Amino acid sequence: MTDEPKDWLEAELMETLDEDYEIELEDAVLSEEIRRIYRENRPEQMDRKLYFRELLRLQTELIKLQDWVAHTKEKVVVIFEGRDSAGKGGAIKRITQRLNPRVVRTVALPAPSDREKTQWYFQRYVPHLPAGGEIVLFDRSWYNRAGVERVMGFATEDEVDQFFLDVPEFERMLVRSGIRLVKYWFSITDEEQQLRFLMRIHDPLKQWKLSPMDLQSRVRWEAYTKAKEDMLEHTNIPEAPWYIVPANDKKRARLNCMSHLLSLIPYADVPHEEVTLPDRVFNPDYEREVIARDLYVPQRY
């Protein structure tokens, strides 16, 4: 290490990498015992430098995809489903990390209200579909009915059967309307989910992620497996097939998902006007007002 100040460009790059590192701290294992178990079950960890290099490369391509979608007024919907703790949120976070939230947005709906429970089932999702030039990522979606609602008894078997009849045609309608619909299922093993739940229990930064519903998913592992199998059988249609993402290795799952998504859409470079920084206008008569000191955030660091 040197005490000499870094040049401006290097400092900007380091800030970018620090941001990535800060996000990755979410995956830190605080318990020594859990760390030992984790290493025993996951001996072949992806090289960190390779991971970050590929992550930045794919995020650069995602920016090109975003620009192409905005330029061509395409409409893209990406659905992320999977068991609790399968890594859907982490993948979404890395996909959207460097993108424009005015073009790319994430939809994670809460439990339906009493009023929404009386609506046509798909009605609460329709307002969140993209307009031209937008990408929408669903962190869970209408497939709640085939998963958690079915397993936890929030939907009757008749309602589930009706869903399986309706969803293929609903998705065909979306595709016919010009929406590119991509569906991902993040798949983890029983042992991996147990390990990740233990990590959340022992990590105060992650305990908020554990809900009573999550804990029930451990008890009802086999019921969720059967529900997933039924869902894939009834809803894997040519117009909108399911893609399975092996997700025991979070880093590889993120990179594989991002790479696959990019491969599905024929994006290309779009023309950009050259950006030039205009000269600052100086007004000799302008005098800056003194701002009260108590309006400033205290400099504690």
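**Stop 1: the largest cavity**

Begin with α3 and β1: each supplies at least two residues to the lining of the largest cavity. Keep in mind throughout that this is a predicted model. Select Leu62, Leu65, Val76, Val78, Ile95, Leu99, Val104, Ile135 and Leu261, the residues that line this cavity. Colour them by class, and you get 9 nonpolar residues, with no polar and no charged ones. The space inside is about 60 Å³. How many cavities of 30 Å³ or more are there? The count is 1.

**Stop 2: the whole chain**

Zoom out and switch to a cartoon. The chain has 11 helices and 5 strands. Of its 301 residues, 40% are buried. Now consider contacts between residues at least 6 apart in sequence: 80% of them join residues at least 24 apart.

**Stop 3: Asp67 on α3**

Go back to α3, which spans 48-72. Select Asp67, which lies in this helix. Asp67 counts as partly exposed, because its relative accessibility of 22% falls between the 20% and 50% limits. Leaving out residues up to four places away in sequence, Asp67 touches Val270 and His272. Show side chains for Asp67 and His272: a polar contact of 3.5 Å joins them. Next, add Glu134 and draw a C-alpha distance to Asp67. The two are 67 residues apart along the chain, and their C-alpha atoms are separated by 9.9 Å.

**Stop 4: two positive phi values**

Here is the background for this stop. Most residues other than glycine have a negative phi. Two loop residues are worth a look.

Select Lys73, in the loop between α3 and β1 (75-82). Lys73 is not a glycine, yet its phi is positive, at about 60°. Is Lys73 buried or exposed? Its relative accessible area is 56%, so Lys73 is exposed.

Follow β1 to the loop between this strand and α4 (88-96), where Ser85 lies. Ser85 also has a positive phi, near 75°, and is a residue other than glycine. Is Ser85 buried or exposed? With 7% relative accessibility, Ser85 counts as buried.

**Stop 5: Arg196 on α8**

Stay at Ser85 and bring up Arg196, which has Ser85 among its contacts. Arg196 lies in α8, residues 190-202. This arginine counts as buried, because its relative accessibility is 3% and the limit is under 20%.

Which backbone oxygens does the side chain of Arg196 reach? One belongs to Ala86, at 3.3 Å. Another belongs to Asn248, where the oxygen lies 3.0 Å from a polar atom of the Arg196 side chain. Draw both distances. Then show the contact shell of Arg196, without neighbours within four places in sequence: Ser85, Ala86, Gly87, Ile188, Ala247, Asn248, Asp249 and Lys250.

**Stop 6: Ala247**

From that shell, pick Ala247. Ala247 is found in the loop between β5 (242-246) and α11 (250-264). Its relative accessible area is 1%, so Ala247 is buried. Expand the selection to what Ala247 touches, not counting residues up to four places away: Ala86, Phe186, Ser187, Ile188, Arg196 and Ala253. Ala86 and Ile188 appear here, and both are also in contact with Arg196. Draw the C-alpha distance from Ala247 to Ile188. Their separation is 59 residues in sequence and 5.4 Å in space.

**Stop 7: the aromatic cluster**

Finish with the rings. The count of aromatic pairs comes to 18. Zoom in on Phe163 and Phe164. Their ring centres are 5.8 Å apart and their planes meet at 55°, so this pair is tilted. Phe163 is buried, with a relative accessible area of 3%. Phe164 is buried too, at 8%.

Now widen the selection. Which residues join Phe163 and Phe164 in a cluster linked by ring pairs? Add Trp120, Tyr121, Phe122, Tyr125, Phe138, Trp142, Tyr143, Phe170 and Trp242. Show them as sticks and step from ring to ring.

How values were computed
Residues are numbered from 1 along each chain as its sequence is written. This is a predicted model: local features need pLDDT of at least 70, side-chain atom pairs count only at pLDDT 80 or more; totals for chains, interfaces and linings use all residues. Side-chain values use heavy atoms; hydrogens and water are left out. Helices (H or I, at least four residues) and strands (E, at least two) are DSSP runs, numbered from the N terminus. Buried means under 20% relative accessible area, exposed over 50%, partly exposed in between (1.4 Å probe, protein chains only). On a 1 Å grid over the protein atoms alone, a cavity is a set of points where a 1.4 Å probe fits but cannot get out, and a pocket is an open set with protein on both sides within 12 Å along at least five of seven lines; lining residues have an atom within 4 Å of a point. Grid points are joined across faces, edges and corners, and a volume is the space filled by probe spheres set on the points. Ala, Val, Leu, Ile, Met, Phe, Trp, Tyr, Cys and Pro count as nonpolar, Asp, Glu, Lys and Arg as charged, and the others, Gly among them, as polar. A polar contact is a pair of N or O atoms within 3.5 Å; within protein, one must be able to donate a hydrogen and the other to accept it, and residues adjacent in sequence count only if both atoms are side-chain atoms. Contact means heavy atoms within 4.5 Å. Rings of Phe, Tyr and Trp (its six-membered ring) pair if their centres lie within 6.5 Å; planes under 30 degrees apart count as stacked, over 60 as edge-to-face and the rest as tilted.
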